[in-house]
Amino acid sequence: MLYELEPLTNLCVNLVGSEERVNKLVHRLNWLVDGPSSYVHWFKIPDLLYIVANAFNLCVILIAQLGSTTALSLYSYSDRPEGTLVIGFLTEERHFIQLQLNDMCPIPPLHVQ
């Protein structure tokens, strides 16, 4: 995901709101060491939704009590299969689970950006 973010810095500034937030995302993703990371490198929403969608060519659906959203890949890679990832947000931006939606389940609206 870090490799996805760096060449798109200008586009990501528009998505997340400022260059400072993009720099924080780069720092958050810059964990190239085997083993557990500290909290500063944990996955954080909603800023990373588009990065996940682009890096893995996915439709990312976030289901959360405070508001659910959908992020689409901004461009497609022909060599990567497309798919859907549904993330259940449990508490305080720290705990997530992967969900499986039923067929024909309505999805949340597109992410604001």
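Leaving aside neighbours within four places in sequence, which residues is arginine 28 in contact with? The views below are of a predicted model, and the first of them takes up this residue.

**View 1. Surroundings of arginine 28 in helix H3.** Arginine 28 is found in helix H3 and counts as buried, at 14% relative accessibility. Once neighbours within four places in sequence are set aside, its contacts are Tyr39, Val40, His41, Trp42, Lys44 and Leu48.

**View 2. The salt bridge between glutamate 20 and lysine 24.** The structure holds 1 salt bridge. It joins the side chains of glutamate 20 and lysine 24, with 3.6 Å from N to O. Both residues belong to helix H3 (residues 19–29), and because they are 4 residues apart there, about one helical turn separates them. Side chains of opposite charge can pair when their charged atoms come close. Glutamate 20 counts as exposed at 52% relative accessibility, and lysine 24 counts as exposed at 53%. Arginine 28, in helix H3 as well, is buried.

**View 3. Overview of the protein chain, with its 4 helices and 4 strands.** From the N terminus on, the order of elements is α-α-α-α-β-β-β-β. The protein chain has 113 residues, and 35% of them are buried. Its accessible surface comes to about 7500 Å², and carbon and sulfur atoms account for 56% of that surface. Of the contacts between residues at least 6 apart in sequence, 51% join residues at least 24 apart.

**View 4. The largest nonpolar core, made up of 22 residues.** The members that touch the most other members are Leu5, Leu29, Ile51 and Val60. Two or more residues each are given to this core by helix H1 (2–5), helix H2 (9–16), H3, helix H4 (49–56), E1 and strand E3 (83–91). H4 supplies the largest share, 5 residues. For valine 60, contacts beyond the neighbours within four places in sequence are Leu49, Val52, Ala53, Thr69, Thr70, Ala71, Leu85 and Ile87.

**View 5. Helix H4 and its enclosure by the rest of the structure.** How many of the 8 residues of H4 are buried? The count is 7, so H4 is largely enclosed by the rest of the structure. The buried residues are Leu49, Tyr50, Ile51, Val52, Ala53, Asn54 and Ala55. Of these, Leu49, Val52 and Ala53 are among the contacts of valine 60, while Ile51 is one of the core residues that touch the most other members.

**View 6. Asparagine 54 and its polar contact with serine 73.** Asparagine 54 lies in helix H4. With a relative accessible area of 2%, asparagine 54 is buried. Its side chain makes a polar contact with the side chain of serine 73, at 3.1 Å.

**View 7. Two residues with positive phi, asparagine 57 and methionine 104.** Most residues other than glycine have a negative phi. Asparagine 57 is not a glycine, yet its phi is positive, at about 55 degrees. This residue comes just after H4, in the loop between H4 and E1. Is asparagine 57 buried or exposed? Asparagine 57 is buried, with a relative accessible area of 5%. Methionine 104, also not a glycine, has a positive phi of about 65 degrees. Its place is in the segment after strand E4 (95–99). In contrast to asparagine 57, which is buried, methionine 104 counts as exposed at 82% relative accessibility.

**View 8. Isoleucine 63 in strand E1.** Strand E1 covers residues 58–63, and isoleucine 63 has its place in it. The relative accessible area of isoleucine 63 is 29%, which means that this residue is partly exposed. Apart from neighbours within four places in sequence, isoleucine 63 is in contact with Ser68, Val86, Ile87, Gly88, Phe89, Leu99 and Pro108. Ile87, one of these residues, is also listed among the contacts of valine 60. Between isoleucine 63 and glutamine 98, the C-alpha to C-alpha distance is 9.8 Å, with their positions 35 residues apart in sequence counted as separation.

Technical notes: Residues numbered from 1 in each chain as written. Predicted model: local features only at pLDDT ≥ 70, side-chain atom pairs only at ≥ 80, totals over all residues. Heavy atoms only, no water. Buried < 20%, exposed > 50% of the residue type's maximum accessible area, 1.4 Å probe, protein only. Contact = heavy atoms within 4.5 Å. Areas by Shrake-Rupley, 256 points an atom, 1.4 Å probe, with all protein chains shown as cover. Salt bridge = Lys/Arg side-chain N within 4 Å of Asp/Glu carboxyl O. Core = buried A, V, L, I, M, F, W, Y, C linked by side-chain atoms within 4.5 Å. Polar contact = N/O pair within 3.5 Å; in protein donor to acceptor, adjacent residues only side chain to side chain.
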